[in-house]
Amino acid sequence: MSKQEEEKGMDRKVDGMSCNIINELRLEKQLCDAVIVVDGAEFHVHKIILCGCSPYFMALFTNGGYPPDKIRYSIPNVSAEIMELIVEYAYIRRVNITEKNVCKLLIAADYLLVNSLLNDCCTFLKAKLCPENCVNICRLAHSYFCEKLKQHEFRFILHNFEEMVRLSEEFLDLTVEQLSEIIEKDELNVKQESVVFEAILQWIKHAPWKRKAHIGVLLPKVRLGLLTHDYLMNNVSNNVLVMDDMTCKLIVTSVLMGIDDLNPSLPLSSDLQRLRLPSAVLLAIGGYGHKNLNTIEVYDTRAARWVNVTCTDESPRAYHGTVYLNGFVYCIGGFDSVDFLNSVRRFDPITRTWAQVTPMHSCRCDVSVCVLDSRIYAMGGFDGIRQMKTVERYEPENDRWCMIAPMHEPRGDSSATVLNGKVYICGGFDGNESLFTGEYYSPQTGEWTLITPMMIRRRGLGVVAYGGWVYAVGGNDGVNHLSNVEVYNPQTNVWTQGPAMNNKRSNFGIEVLDDLLFVAGGHNGTTIMDEVECYDKQTSEWHDI
């Protein structure tokens, strides 16, 4: 630790001690110069402390038109229980926020202009967000002008719309304006547009005598042109609500004619046929294709197409690790045709710009990477001299890498994933042979534990968590490139044979998206591949893309 960091740590320690001492004086009613009265309860305080945490108290004590010797101040619209928490927060800058008190605390913090506490309440609510409570939290954020929280909640609703409709009773309490705003967005995440239509019917059914008139407002927000002809005929056109609304009948008839090529006035670019934006896409970044690459390609599963979004100012990089965390893509380690790299580059997919972050302690080519609990793990790899078993963990909020417990054996060209709060790594190359061993890391214990070995040695494999199991896909056994797949059950510590890929491949990209397992690129022993295929666990089949 540097001298500057030590001084900052000492300053924080002194500040904390001072806060605790002043709070003890408050509790003992020593040197207090004001009394806050709430619901008959009295809180002896120091004016200067409360002024330091809130413009409300600053105005109350200095510009309230009271005589300078006034001591007692009554505050309405706040309970004694909540005021006690706010006073405590003013002194020691922390408070016990719970699911039971967070709403009342947020409302009081907004009323009393304790902005830092308001932010803490918003952070707490973000962490507790789920499909069951997202509507209510969004409504709360809107009522008290918590703009960042509101935006976060609204994005959550868009991305989790299907689960919210299925699980949340609060969904039925949305106003027609709120529901309309949600379903009109391109960012609405639904696998089938029929989900949107059926959500409207469910919402109307909750109060049909009041809401059936809104079908003419809501149906045009549905991308009817994305529905099948059969669904439109069997579920939409003959629906009583649609049949009773002339505007809806005309829209559905027009779409049906457009699908049957009978209405050229409905172009493919129509709002009724515009695809929703995907909530997630596949990114292929860099790699090797007869030379190191700097290309970036994006795959949208709904549009079923790849788009090149390469940033020409980025240097080529291959044999690196890539992860996504907090809105950024991190490219870690690798090889640039000259040097083995410890550098880490961070890509912002919104602005399409790159930035350098703190490098790792070691150069790592063929490194395995994954994300667990908002931390990036970089495991093993080749440093230009030897295969390594060391492991580093990155804290993005501090832009810092730290060393953690090493693995049981050196491994590069392996692959890693996260399942049930543990980091799993399998296969690889130890400098002498391809490996069939695997192990997992638990952040709770800080230790690595060996698991049952795979049935086949694999390097250049892909490892991914899918459906509650760990999949080990393809790779090279030291002689042959592989298409076969093994599946690990963490409950039984047993590997079983899975359906083989259509193509043999090693050193490829692997990811799960829209509940499908995708593999892309790689090498088949003869040539570099651009083929992509995906596996559906529901059908146990691989399909070429």
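The largest nonpolar core of this predicted model holds 88 residues, and Ile36, Leu117 and Phe161 are the ones that touch the most other members. If you would like a place to begin looking, try helix 4, residues 80-92, which gives the most to this core with 9 residues. Where does the core sit relative to the domains? Domain 1 (16-128) and domain 2 (174-258 + 266-273) both give residues to the core, so it lies between them.

Now let us step back to the whole chain. The domain assignment gives three stretches to keep in mind: domain 1 (16-128), domain 2 (174-258 + 266-273) and domain 3 (282-544). Notice that domain 2 is written as two segments, 174-258 and 266-273. Between the C-alpha centres of domain 2 and domain 3 there are 42 Å. Along its principal axes, the C-alpha trace of the protein spans about 90 × 75 × 50 Å. The secondary structure comes to 16 helices and 26 strands, and of the 545 residues in the protein, 45% are buried.

Next, turn to the helices that follow domain 1 in the numbering, where there is a pocket to explore. The second largest pocket contains about 310 Å³ of space. It is lined by 14 residues, and those closest to its centre are Cys138, Lys150, Phe154, Gln178 and Glu181. Which helices supply at least two residues each to this lining? They are helix 7 (134-143), helix 8 (147-159) and helix 10 (176-183). The lining is mixed in character, with 6 nonpolar, 4 polar and 4 charged residues.

While you are here, follow the chain from helix 7 to helix 8. The loop between these two helices holds Phe145. This residue has a positive phi of about 55°, although it is not a glycine. Is Phe145 buried or exposed? Its relative accessibility is 71%, so Phe145 counts as exposed.

Cys138, one of the residues closest to the centre of the pocket, also opens a second topic, the cysteines. How many disulfides does a search of the whole structure find? The search finds 0. A disulfide is a covalent bond between the sulfur atoms of two cysteines, and two sulfur atoms are counted as such a pair when they are within 2.5 Å. For Cys138, the closest cysteine sulfur belongs to Cys134 and is 8.0 Å away, which is too far for a bond. Cys365 is in no disulfide either, and its nearest cysteine sulfur, that of Cys363, is 10.0 Å away. Both of these cysteines are tucked inside: Cys138 is buried with a relative accessible area of 12%, and Cys365 counts as buried at 5% relative accessibility.

Domain 3, which runs over 282-544, is the next stop. Here you can look for an enclosed space. The count of cavities of 30 Å³ or more comes to 1, and the largest cavity contains about 70 Å³ of space. Its lining is made up of Ile285, Gly286, Leu293, Asn294, Ile296, Glu314, Ser315, Arg317, Cys331 and Trp354. Strand 4 (282-288) and strand 5 (292-300) each supply at least two of the lining residues, and strand 5 gives the most, with 3 residues. By type, the lining divides into 5 nonpolar, 3 polar and 2 charged residues.

Two loops further along the chain round off the tour. Ser374 lies in the loop between strand 11 (368-372) and strand 12 (375-379). Like Phe145, Ser374 has a positive phi without being a glycine, with a value near 60°. Ser374 counts as partly exposed, at 35% relative accessibility.

The other loop, between strand 16 (422-426) and strand 17 (438-442), is where you will find Asn432. With a relative accessible area of 72%, Asn432 is exposed. How does Asn432 sit with respect to Gln387, and what distance separates their C-alpha atoms? The two residues are 45 residues apart along the chain, and their C-alpha atoms are separated by 9.6 Å.

Note on methods:
Residues are numbered from 1 along each chain as its sequence is written. This is a predicted model: local features need pLDDT of at least 70, side-chain atom pairs count only at pLDDT 80 or more; totals for chains, interfaces and linings use all residues. Side-chain values use heavy atoms; hydrogens and water are left out. Buried means under 20% relative accessible area, exposed over 50%, partly exposed in between (1.4 Å probe, protein chains only). On a 1 Å grid over the protein atoms alone, a cavity is a set of points where a 1.4 Å probe fits but cannot get out, and a pocket is an open set with protein on both sides within 12 Å along at least five of seven lines; lining residues have an atom within 4 Å of a point. Grid points are joined across faces, edges and corners, and a volume is the space filled by probe spheres set on the points. Helices (H or I, at least four residues) and strands (E, at least two) are DSSP runs, numbered from the N terminus. Ala, Val, Leu, Ile, Met, Phe, Trp, Tyr, Cys and Pro count as nonpolar, Asp, Glu, Lys and Arg as charged, and the others, Gly among them, as polar. Domain bounds come from an automatic or database domain assignment. A nonpolar core is a set of buried Ala, Val, Leu, Ile, Met, Phe, Trp, Tyr and Cys residues joined through side-chain atoms within 4.5 Å.
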